[in-house]
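Hi,

Here is the structure I promised to pass on. Have a look at it first, and then read on for what I found.

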Amino acid sequence: MSDAVRVLVADDQALLRGSFRVLIEDEPGFVVVGDADTGHRAVELARLTAPDVVLMDVRMPELDGIEATRRICGSPETAKVRVLMLTMFDLDSYVYAALRAGASGFLLKDTPPSDLLSAIRVVAAGEGLLAPSVTRRLIAEFARNHEPVGPFGGRMADVTGREREVLVLVARGLSNAEIAQRLRVSLATVKTHVSHLLTKLDARDRTQLVIAAYESGLVSRRTGSTS
């Protein structure tokens, strides 16, 4: 199973860790490489096992899930590891901070098992946020509570006009197919633009493109329109 999706489970509740492990290991094409009951252990195991995806609880003892995510995503040793956050509430106050730390998306802990497995696949493939509806809720929460700040503004100089159009639509929660339809271009063209944006903005995935659009001021924090 060399091509299996490698998953590290990080949750402080033994029952949940065990349940996630059984669920994931029973699914063809998945393998659990370890489980962690603290944030420190999650960082350590991510370095030792090099998983494709860490399933990370937001609230972890010793080192919370946000800081653990920041250390995993910020280290050259684990830079390719993607983190999928778990939370009890769909607009948890920690969600934005987790995504800003480098997480590729988030899920509710009561997500149906089939959706959890699909989400792990999506994140492992580098797709970032899991659905446009989730993106839109995140943006609404961000717009209420955050001012445009961060490192992305200076990187916008290299972004072309067409790429900015695509970035705005990504930030509004549109899928690649929806963007292609809106701009009347091919899906392959949209994928190329998104790939260029990821490179130019030094963004890990689609999630960070959304953040970049808002933190750079390209998209209005209050209206979702271009600034």
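A quick definition before the rest: two residues are in contact when they have heavy atoms within 4.5 Å of each other. On that basis, 65% of the contacts in the protein with a separation of 6 or more are between residues 24 or more positions apart. Please bear in mind that this is a predicted model.

For the overall picture, the protein has ten helices and five strands, and 49% of its 227 residues count as buried. About 10500 Å² is exposed, with carbon and sulfur atoms supplying 52% of that area.

Helix 1 is a nice place to start. It covers residues 14-25 and reaches 16 Å from first C-alpha to last, close to the 16 Å expected. Its buried residues are Arg17, Phe20 and Ile24. Viewed down the helix axis these fall within an arc of 65°, so they line one face of helix 1. The face turned away from them carries the exposed residues Ala14 and Leu15. Among the elements covering the buried residues of helix 1 are strand 1 (5-10), strand 2 (30-36) and helix 5 (113-124).

Now to the interior. The largest nonpolar core has 26 residues, of which Ala10, Val54, Met56, Ile72, Val83 and Met85 touch the most other members. Strand 1, helix 2, strand 3, helix 3, strand 4 and helix 4 each supply at least two residues of this core. Beyond its sequence neighbours within four places, Val83 contacts residues including Val54, Met56, Ile72 and Ala103. Apart from this core lies another, of 24 residues, among them Val159, Ala171, Leu183 and Leu209.

Best wishes

Technical notes
Residues numbered from 1 in each chain as written. Predicted model: local features only at pLDDT ≥ 70, side-chain atom pairs only at ≥ 80, totals over all residues. Heavy atoms only, no water. Helix = DSSP H or I, 4+ residues; strand = E, 2+ residues; numbered from the N terminus. Expected span 1.5 Å × (residues − 1). Buried < 20%, exposed > 50% of the residue type's maximum accessible area, 1.4 Å probe, protein only. Arc of directions from axis to C-beta. Core = buried A, V, L, I, M, F, W, Y, C linked by side-chain atoms within 4.5 Å. Areas by Shrake-Rupley, 256 points an atom, 1.4 Å probe, with all protein chains shown as cover.
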